[in-house]
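Here is a short briefing for someone meeting this structure for the first time. Please keep the sequence and the 3D view open while reading the points below.

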Amino acid sequence: MTALRRVALLAVLFGLCSEIHVRAQSTNASLTGRITDSSKAVVADAKVIVINTSTRIRYESFTNETGSYYVTNLPPGTYRIEVERLGFKAVIKSDIILHVQDTLEINFEMELGSASESVTVQGVLRYSIPNLRP
């Protein structure tokens with residue numbers, strides 16, 4: 001009877017582990033990129049606002065010391081990105097479409113100027129970063 005209990009226990013543990021693995025797979029997407037100025041110097045502490053154009057839900061992040069930003073757990077949909085930093089013109093990129101498990105890299109170049117001025121970016125080259133999860 002001990003062997004039967006062990007088999008039953010192993011079956012239950014296997015079932016629990018399988019359920020945890022299935023839950024770990026996300027249906028959300030993420031955005032990443034790098035913000036630089038016209039001289040290609042990184043722009044740290046720039047505010048990155050990602051707005052779902054259908055729901056108007058905003059997701060905010062800041063660039064780190066290397067000018068990189070990361071915004072994760074974005075539901076699939078169409079988004080607009082706004083980048084702001086004191087001393088620079090705001091940069092806006094619209095019509096970004098995210099699908100399930102997308103990871104897009106979108107880089108921006110900011111111009112010196114007032115934050116009340118903005119630059120609308122069109123035709124940005126986007127890179128899809130392969131999902132390296134097994």
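At 57% relative accessibility, Lys40 passes the 50% mark and is therefore counted as exposed. The model in which this residue is found is a predicted one, and the points below move from the salt bridges to the overall layout, the strand pairing, the core and two residues of one strand.

**Salt bridges**

- Lys40 joins its side chain to that of Glu109 in a salt bridge, with 2.6 Å from N to O.
- Because Lys40 sits in the loop between E1 and strand E2 (47–52) while Glu109 belongs to strand E8 (residues 108–110), this pair ties together parts that are 69 residues apart in sequence.
- Glu109, with a relative accessibility of 38%, counts as partly exposed.
- Another salt bridge links Lys47 with Glu60, and here the closest N and O atoms are 3.6 Å apart.
- Lys47 lies in strand E2 and Glu60 in strand E3 (residues 58–62), so this pair ties together parts that are 13 residues apart in sequence.
- Lys47 is partly exposed, with a relative accessible area of 24%, and Glu60 is also counted as partly exposed, at 44% relative accessibility.
- Glu60 forms a salt bridge with Arg58 as well, the closest N and O atoms being 3.3 Å apart, and Arg58 is partly exposed with a relative accessible area of 45%.
- Through the partners that these salt bridges share, Lys47, Arg58 and Glu60 are joined into one network.
- Over the whole structure, a search finds five salt bridges.
- As a general background to such pairs, side chains of opposite charge can pair when their charged atoms come close.

**Overall layout**

- The chain contains one helix and ten strands, and read along the sequence it follows the pattern α-β-β-β-β-β-β-β-β-β-β.
- Of the 134 residues in the chain, 30% are buried.
- Among the contacts in the chain with a separation of 6 or more, 60% come from residues 24 or more positions apart.
- The accessible surface of the chain comes to about 8700 Å², and 58% of that surface belongs to carbon and sulfur atoms.

**Strand pairing**

- E2 and E5 pair in the antiparallel sense over six bridges, and Lys47, already met in the salt-bridge network, stands opposite Glu84 in E5.
- E5 and E6 likewise pair in the antiparallel sense, over six bridges, and the bridge partner of Val83 in E6 is Val91.
- The hairpin of E5 and E6 has five residues between the strands, and in this hairpin Gly87 takes a positive phi near 95°.

**The nonpolar core**

- The largest nonpolar core has 22 residues, and those with the most contacts inside it are Leu31, Val50, Tyr69 and Ile81.
- The elements that give two or more residues to this core are E1, E2, strand E4 (68–74), strand E5 (77–84), strand E6 (90–98) and E8.
- Leaving aside residues up to four places away in sequence, Ile81 touches Leu31, Val48, Ile49, Val50, Tyr69, Val91, Ile92, Lys93, Ile96, Ile106 and Phe108.
- As general background, nonpolar side chains tend to be buried together in soluble globular proteins.

**Two residues of strand E1**

- Ala29 is found in strand E1, which covers residues 29–37, and at 3% relative accessibility Ala29 counts as buried because the cut-off for that class is under 20%.
- Although Ala29 and Leu98 are 69 residues apart along the chain, their C-alpha atoms are separated by 6.4 Å.
- When residues up to four places away in sequence are not counted, Ala29 touches Thr72, Asn73, Leu74, Leu98, His99, Gln101 and Asp102.
- Thr32 is found in strand E1 too, and Thr32 is buried, with a relative accessible area of 11%.
- The side chain of Thr32 reaches the backbone oxygen of Tyr69 at 3.0 Å, and Tyr69 is itself one of the residues with the most contacts inside the largest nonpolar core.

Definitions and conventions: Residues numbered from 1 in each chain as written. Predicted model: local features only at pLDDT ≥ 70, side-chain atom pairs only at ≥ 80, totals over all residues. Heavy atoms only, no water. Helix = DSSP H or I, 4+ residues; strand = E, 2+ residues; numbered from the N terminus. Buried < 20%, exposed > 50% of the residue type's maximum accessible area, 1.4 Å probe, protein only. Contact = heavy atoms within 4.5 Å. Salt bridge = Lys/Arg side-chain N within 4 Å of Asp/Glu carboxyl O. Core = buried A, V, L, I, M, F, W, Y, C linked by side-chain atoms within 4.5 Å. Areas by Shrake-Rupley, 256 points an atom, 1.4 Å probe, with all protein chains shown as cover. Polar contact = N/O pair within 3.5 Å; in protein donor to acceptor, adjacent residues only side chain to side chain. Pairing = 2+ DSSP bridges.
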